[in-house]
Amino acid sequence: MTTQVAPEKENSISFPVTGMTCAACQARVQRALSAEPGVIDASVNLLTNRAAVRYDPAAVGPERLVEAVRATGYDATLPATDASPIGADSGEEEAEVREARSLSIKATVSVLVGALAMAMSMLLMGDALVNYALLALTTVVLVWAGRDIYRRAWKAIRHGSADMNTLIALGTGSAFLYSMVATIAPSLFARNGIAPDVYYEAVILIIGLVLAGRAIEARARRKTSAALRKLVTLLPPNARVEQSGTWIEKPLSEVRSGETVVVRPGERIPVDGIVIDGASEIDESMLTGEPLPVARTVGDAVVGGTLNTTGSLRFRATSVGAESVLARIVKLMRDAQSSRAPIQRLADRVSAVFVPTVVAISIVTFVAWYFLADTASLPRAIAAAVAVLIIACPCAMGLAVPTAVMVATGRGAELGLLIKGGEVLQRAGDVDTVVLDKTGTVTEGTPTVKRVVALEAVDEREILSAAASLERHSEHPVAAAVARAALERNVPLEPVTSFRSHTGSGVTGIVREREVAVGNFRLMRELKFNVGSAAQSVDTYLTSGGSELYVAIDGRIVGVIIVSDAIRTSSREAVVKLRAMGIDVVLLTGDRSATAEAIGSEIGIDQVVAEVLPQGKVEEIRRLQAMNRVVAMVGDGINDAPALAQSDIGISMPKGTDIAIEASDIALMRSDLRGVPTAISLSRQTMATMKQNLVWAFVYNVIGIPIAAGVLFPVTGLMLSPVIASAAMALSSVSVVMNSLRLRRVRLA
């Protein structure tokens, strides 16, 4: 069920769900949440044991969502109110550690007791006293180690569903009851010519191996979220804040925006802020991946979680708590790891009918063996039916996709890539065309004024003064370069009135009662100024990669400012790698053709589209998509946001505006274009891993269930022991997780 709600009227929540053990559990909880009126989208992640829900608060509330989960037989709680400033539930990690330790202890004891039971059965087979001892041992193991399995199975049955626990409980419970009757009333079997065999050791070992598999999964799950936990632990618990002229230690959750914070050498910066005193070098590798510390002084921004290395800093706190950069990164990663890749739907459809189908196959197997076996028909029927129930555990299907998504998004974060979810991760691998913006993407984004050319009897300083007076009101990097040049040359700036920004073209306004326009060729033509002779005078500069800003005063072009922006050192290498991957690369810019062609030639791009407005960039993306291209757009400015949103995959640069980052699907945290081929390569490797996992999960069951049912017995005379079936079931889940963990070895392209 999907509800259409305006984005501004929707809320989202992520909360823990406990008791899920397989894909069938996950699918049931997800269906229940999706069926609630007002739910826009629900995603349940078996690996993280969390549900992420977007909903209309006017139709449904968080409490109702929790009740919907509980109605399915599983438990859920609202997020803890004592969460840390970056959104980590306080007791979540400790609970995971306790669970893994408890599972390990129970598994170890059960396997050892099972081995003892097997030895007793082999050495003293048929001894009544031994059978009673084994009955007592098995009962203790089932009540202590297997209690959760049976409790969850019963809860599922009460709610009209079935899951992995149901299969294990049916299998081991049947074998236990059969063995108990054979122990207490062996004469019932003897009168019918059946040996009163017992399967206590099988029951104990199955429980032990199932718990061992879960313990290994729990530990592997912690590895998949290692990158996220590493981010969560970066913030110090306290901050040193100035209050009434003295410094006091405050818990991080009590720090407020506007307070003055001090950090000493070797300490981590507790919150985001602006430096007001001091200078230091900051290790920002946790945020950008850049190994070298960067200098920060008065007026510079610092980010919570980064490491202060050399000097002391006083700074004014700006973004704290959930609004901080680190909190937003953690939230993005949590959302990404809780999201679902489209390929998951295949596993969901199979899981919806899997458990009932397996139970039916088990019943058919029992009936077939009971009526067709020549000898020992009942024991063989029980053994085969139990083996079918045990080997068919759907754990591997539930873990196949989310494990790969979690490992890949975590590894992406370590490589400086913030990937917004499983769908993005899957779609990025299909990209066959990458469109690059120029300024701030291919180039450094910090242009400098190289020359001021006077075209009339107007002083160069006057030209620069008029231009900088206007440009200081604009956010564009080129505007910042002009304003910076005026400051460096001690050129005075004048008051401005009637300021107007012409997106993608330039700015106009009144400076000292004179009409001034500063912009590119398009703006001059739009204002109907004669550009001919002015354009000819600057062509030499453009062919070397420079850009021109025309300066017009009172309707006449009086000068040209030549601005140059250094090309990123990684740009050419990134283009080479993309082309080696079979991907077409396009340079898309609002600059003059001569400038764009020069830069394109230098970095190895043949396809250059120049002199386009923001809407023209969108149209170019659409044109490529109409040719059945899967397009990734890489940009950093406000004017790139529409193209980023239109593209199949939007990729924003680290110095991009918040609008560009919000419009993008992947945010690069390093000023390194090699992140683009890395993201695509990571996606392709992740998709390959997901497919391998799903194929293994399906093939395992397709082959394992018939073998467990006994199809090989007529040829080989061998039956699959329920104990071996339980070991194979555990191995299938572990193999899926371990295969996904290989993604941690992905390197920067």
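**Aromatic pairs: worked exercises**

At 37% relative accessibility, Y370 is partly exposed (buried is under 20% relative accessible area, exposed over 50%, partly exposed in between, with a 1.4 Å probe and protein chains only). Keep that residue in mind for the second exercise. The model is predicted, so local features need pLDDT of at least 70 and side-chain atom pairs pLDDT 80 or more, while totals for chains, interfaces and linings use all residues. Residues are numbered from 1 along each chain as its sequence is written, and side-chain values use heavy atoms, leaving out hydrogens and water.

**Exercise 1.** Classify the pair formed by F176 and Y200, then place both residues.

*Solution.*
- Start with the total: the structure holds five aromatic pairs.
- Apply the rule: rings of Phe, Tyr and Trp (its six-membered ring) pair if their centres lie within 6.5 Å; planes under 30 degrees apart are stacked, over 60 edge-to-face, the rest tilted.
- F176 and Y200 are 6.3 Å apart centre to centre with 65° between the planes, hence edge-to-face.
- This pair links distant parts of the chain, 24 residues apart: F176 sits in helix α6 (residues 164-184) and Y200 in helix α8 (residues 200-224).
- Helices here are DSSP runs (H or I, at least four residues), numbered from the N terminus.
- F176 is buried at 12% relative accessible area, and Y200 is buried at 0%.

**Exercise 2.** Now do likewise for F366 and Y370.

*Solution.*
- With 6.1 Å centre to centre and 5° between the planes, F366 and Y370 are stacked.
- Both belong to helix α12 (residues 344-372), four residues apart, about one turn of the helix.
- F366 is partly exposed, at 30% relative accessible area.
- Finally, F366 and Y370 form one aromatic cluster with F371.

How values were computed. Helix = DSSP H or I, 4+ residues; strand = E, 2+ residues; numbered from the N terminus.
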